[in-house]
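User: I am new to this structure and would like a close look at one part of it. Please take it step by step and keep the wording plain.

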Amino acid sequence: MLEGKNINLRVMEKEDLPLIAEWFSSPEVFGEYNPLRQMSRTDAEKIFENPLELKPFFIEKKDGSKIGFVAHFYVLHVAGRQLEIGYSLVPSERGKGYCTEAAKIMVDYLFLSKEAMRIQAQTDPRNVASQKVLEKVGFKREGTVRKNFFMRGEWRDAYLYSILREEWKEPRLLTKTTAH
Ligand SMILES: CC(C)(COP(=O)(O)OP(=O)(O)OC[C@H]1O[C@@H](n2cnc3c(N)ncnc32)[C@H](O)[C@@H]1OP(=O)(O)O)[C@@H](O)C(=O)NCCC(=O)NCCS
């Protein structure tokens, strides 16, 4: 578990499959700027055996209630691979700073644990809340990836953001890691 001030990040386990399938299939949790999907528990199991090495963490309040997730994964390219993050919160817990804290903890954790030079993220240009999160964490907008995702019946652009190791410099929020 990765501990922050108001929230912790807890690695998802196979016993969490029902909630993972529910959230990843939910247009409310995923929001209007993520793909529509229907995920079964069997599909959810594949999250743990995939070439992108996708690793989802629950965002938990200090009382243990699960309010969303943040994940890291690799975007594959013949010349190498890019480390990327994504996140979503249940609607009732948005606008309270939890995602900013979760993303800061994740960036601390990734730069401390992986030999990555950069961490990237992509958002829909209309997703102002997500852009604010990234900018508060220290990501910089690199540009627009045109017609990057087919989502909800149309090709959509994405803003590409990144934070470099030299911009991060040192851990800012991750205070403690524990085994449970
Ligand atoms: C994007 C998301 C994760 C942000 O989480 P959050 O916990 O609400 O974010 P925070 O509270 O840490 O910060 C959000 C910032 O965006 C602002 N914001 C929230 N909703 C907004 C909106 N609809 N329009 C403009 N700004 C908005 C908040 O005021 C806050 O800015 P401030 O610190 O200057 O006041 C959340 O809105 C969400 O789950 N959305 C649906 C899924 C999604 O879009 N995921 C990202 C895909 S790239």
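Which residues does Glu 93 touch, not counting residues up to four places away in sequence? Please go on from there to the helix that follows and its surroundings.

Analyst: The model is a predicted one. Not counting residues up to four places away in sequence, Glu 93 touches Lys 61, Ile 67 and Tyr 98. Glu 93 itself sits in the loop that runs between strand E5 (80-89) and helix H4 (98-113). Its relative accessible area is 11%, so Glu 93 is buried, the cut-off for that word being under 20%. The side chain of Glu 93 also makes a polar contact of 3.0 Å with the side chain of Lys 96.

Next comes helix H4. It packs with helix H5 (residues 128-137) at an angle of about 45 degrees, and the two axes are 9 Å apart. That angle makes H4 oblique to H5, because it falls neither under 35 degrees, where helices count as roughly parallel, nor in the range of 65 to 115 that counts as roughly perpendicular. The crossing of H4 past H5 is right-handed. On the H4 side, the residues that meet H5 are Cys 99, Thr 100, Ala 103, Lys 104 and Val 107, and their counterparts in H5 are Val 133, Lys 136 and Val 137. By type, the residues of this contact divide into five nonpolar, one polar and two charged. As a general point, an α-helix has 3.6 residues a turn, so residues three or four places apart point the same way.

Two further residues belong to these helices. Ser 113 is found in H4, and its side chain reaches the backbone oxygen of Tyr 109 at 2.7 Å. With a relative accessibility of 42%, Ser 113 counts as partly exposed. Ala 129 is found in H5 and counts as exposed, at 53% relative accessibility. The C-alpha atoms of Ala 129 and Cys 99 are separated by 9.8 Å, while along the chain these residues are 30 apart.

Val 107 of H4, which takes part in the contact with H5, is also among the residues touched by Ile 119. Ile 119 has its place in strand E6 (residues 118-123). It is buried, with a relative accessible area of 0%. Not counting residues up to four places away in sequence, Ile 119 touches Leu 83, Ile 85, Val 107, Leu 110, Phe 111, Phe 139, Tyr 161, Ser 162 and Ile 163. Phe 150 is 31 residues from Ile 119 in sequence, and the C-alpha atoms of the two are 23 Å apart in space.

Lys 61, one of the residues touched by Glu 93, leads back to an earlier stretch of the chain. Strand E3 (55-61) follows a loop that starts after helix H3 (41-46), and Glu 53 lies in that loop. Glu 53 has a phi near 55 degrees, a positive value in a residue other than glycine. It counts as partly exposed, at 41% relative accessibility.

Both H3 and E3 are also included in what covers the buried residues of helix H1, along with helix H2 (27-30) and strand E4 (66-77). Those buried residues of H1 (residues 17-24) are Leu 17, Ile 20, Ala 21, Trp 23 and Phe 24.

How values were computed: Residues are numbered from 1 along each chain as its sequence is written. This is a predicted model: local features need pLDDT of at least 70, side-chain atom pairs count only at pLDDT 80 or more; totals for chains, interfaces and linings use all residues. Side-chain values use heavy atoms; hydrogens and water are left out. Helices (H or I, at least four residues) and strands (E, at least two) are DSSP runs, numbered from the N terminus. Buried means under 20% relative accessible area, exposed over 50%, partly exposed in between (1.4 Å probe, protein chains only). A polar contact is a pair of N or O atoms within 3.5 Å; within protein, one must be able to donate a hydrogen and the other to accept it, and residues adjacent in sequence count only if both atoms are side-chain atoms. Contact means heavy atoms within 4.5 Å. Axes are lines fitted to C-alpha atoms, for helices over the stretch in contact, and angles run from 0 to 180 degrees between N-to-C directions. Angles under 35 degrees count as roughly parallel, over 145 as roughly antiparallel, 65 to 115 as roughly perpendicular and the rest as oblique. A crossing is left-handed if the near helix is turned anticlockwise from the far one by less than a right angle, and right-handed if clockwise. Ala, Val, Leu, Ile, Met, Phe, Trp, Tyr, Cys and Pro count as nonpolar, Asp, Glu, Lys and Arg as charged, and the others, Gly among them, as polar.
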